[in-house]
Amino acid sequence: MEGQKSIPENYQRIMPYLVVKDGGKFIEFMQNVFEATEQYKSMRDETTIMHAEVNVKGSTIMFADCTDTYAQQNAGMFIYVDSCDETYQKALDNGAENIMPPANQSYGRSAGVKDPFGNTWWITNAI
């Protein structure tokens, strides 16, 4: 259909947009814990990320470094993983704090952590 708009490849209709302290380390955390790939990064200066994106198995998270103009904005995230227990341990090994250790829930095995950037992650086994 002429004039039909579509969402670009590797983007979903709704995407989280975080403003974090030390976005470079956030990228490393995402790669180490969730096997994310860096999809895009634009720098404001030599040390400050103006806009970046990581992709976790088809889901994009956008983020930027906080500045005097843009305050830190954290989020609560829910993520399906292959192994709740392994991912939970990777998160702890990479500086996350325990919120809820892995436990069987009515919706699957789930755990909760707070990452070093202030975001909460609810980690649940994929069905």
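Here are a few worked exercises on the structure above.

The model is predicted, so local features are restricted to pLDDT of at least 70 and side-chain atom pairs to pLDDT 80 or more, while totals for chains, interfaces and linings use all residues. Residues are numbered from 1 along each chain as its sequence is written, and side-chain values use heavy atoms, with hydrogens and water left out.

**Exercise 1. Find the salt bridges and place their partners.**

How many salt bridges does the model hold?

Step 1: Set the rule. A salt bridge needs a side-chain nitrogen of Lys or Arg within 4 Å of a carboxyl oxygen of Asp or Glu. Side chains of opposite charge can pair when their charged atoms come close.

Step 2: Count. The rule gives 4 salt bridges.

Step 3: Start with Lys90 and Glu35, whose side chains meet at 3.6 Å, N to O. This pair links distant parts of the chain, 55 residues apart: Lys90 sits in helix H2 (residues 84-93), and Glu35 in the loop between helix H1 (23-34) and strand S2 (37-43). Helices (H or I, at least four residues) and strands (E, at least two) are DSSP runs, numbered from the N terminus.

Step 4: Add exposure. Buried means under 20% relative accessible area, exposed over 50%, and partly exposed in between, with a 1.4 Å probe and protein chains only. Lys90, at 30%, is partly exposed, and Glu35, at 49%, is partly exposed as well.

Step 5: Turn to Lys57 and Asp82, which form a salt bridge at 3.6 Å, N to O. Lys57 is in the loop between strand S3 (49-56) and strand S4 (59-65), while Asp82 is in the loop between strand S5 (76-81) and H2, 25 residues apart. Lys57 is exposed at 62%, and Asp82 is exposed at 67%.

Step 6: Take Asp85 and Arg109, whose side chains meet at 2.6 Å, N to O. Asp85 belongs to helix H2 and Arg109 to strand S7 (residues 108-114), 24 residues apart. Asp85 is partly exposed at 33%, and Arg109 is partly exposed at 24%.

Step 7: Look for a network. Salt bridges link Glu35, Lys57, Asp82 and Lys90 in one.

**Exercise 2. Describe the largest nonpolar core.**

Which element supplies the largest share of this core?

Step 1: Define the set. A nonpolar core consists of buried Ala, Val, Leu, Ile, Met, Phe, Trp, Tyr and Cys residues joined through side-chain atoms within 4.5 Å.

Step 2: Size it. The largest core has 27 residues, and Phe29, Met30, Phe34, Phe63, Trp121 and Ile123 have the most contacts inside it.

Step 3: Trace the sources. Strand S1 (17-20), H1, S3, S4, S5, H2, S7 and S8 each give at least two residues. The largest share, 6 residues, comes from H1.

Step 4: Zoom in on Met30. Leaving out residues up to four places away in sequence, Met30 touches Glu35, Ala36, Val54, Val56, Ile61 and Trp121; contact means heavy atoms within 4.5 Å.

**Exercise 3. Work out the surroundings of Thr37.**

Is Thr37 buried, partly exposed or exposed?

Step 1: Locate the residue. Thr37 lies in strand S2.

Step 2: Classify it. Thr37 has a relative accessible area of 45%, so it is partly exposed.

Step 3: List its contacts. Not counting residues up to four places away in sequence, Thr37 touches Glu53, Val54 and Asn55.

Step 4: Check a distance. Thr37 and Val56 are 19 residues apart in sequence and 6.7 Å apart in space, C-alpha to C-alpha.
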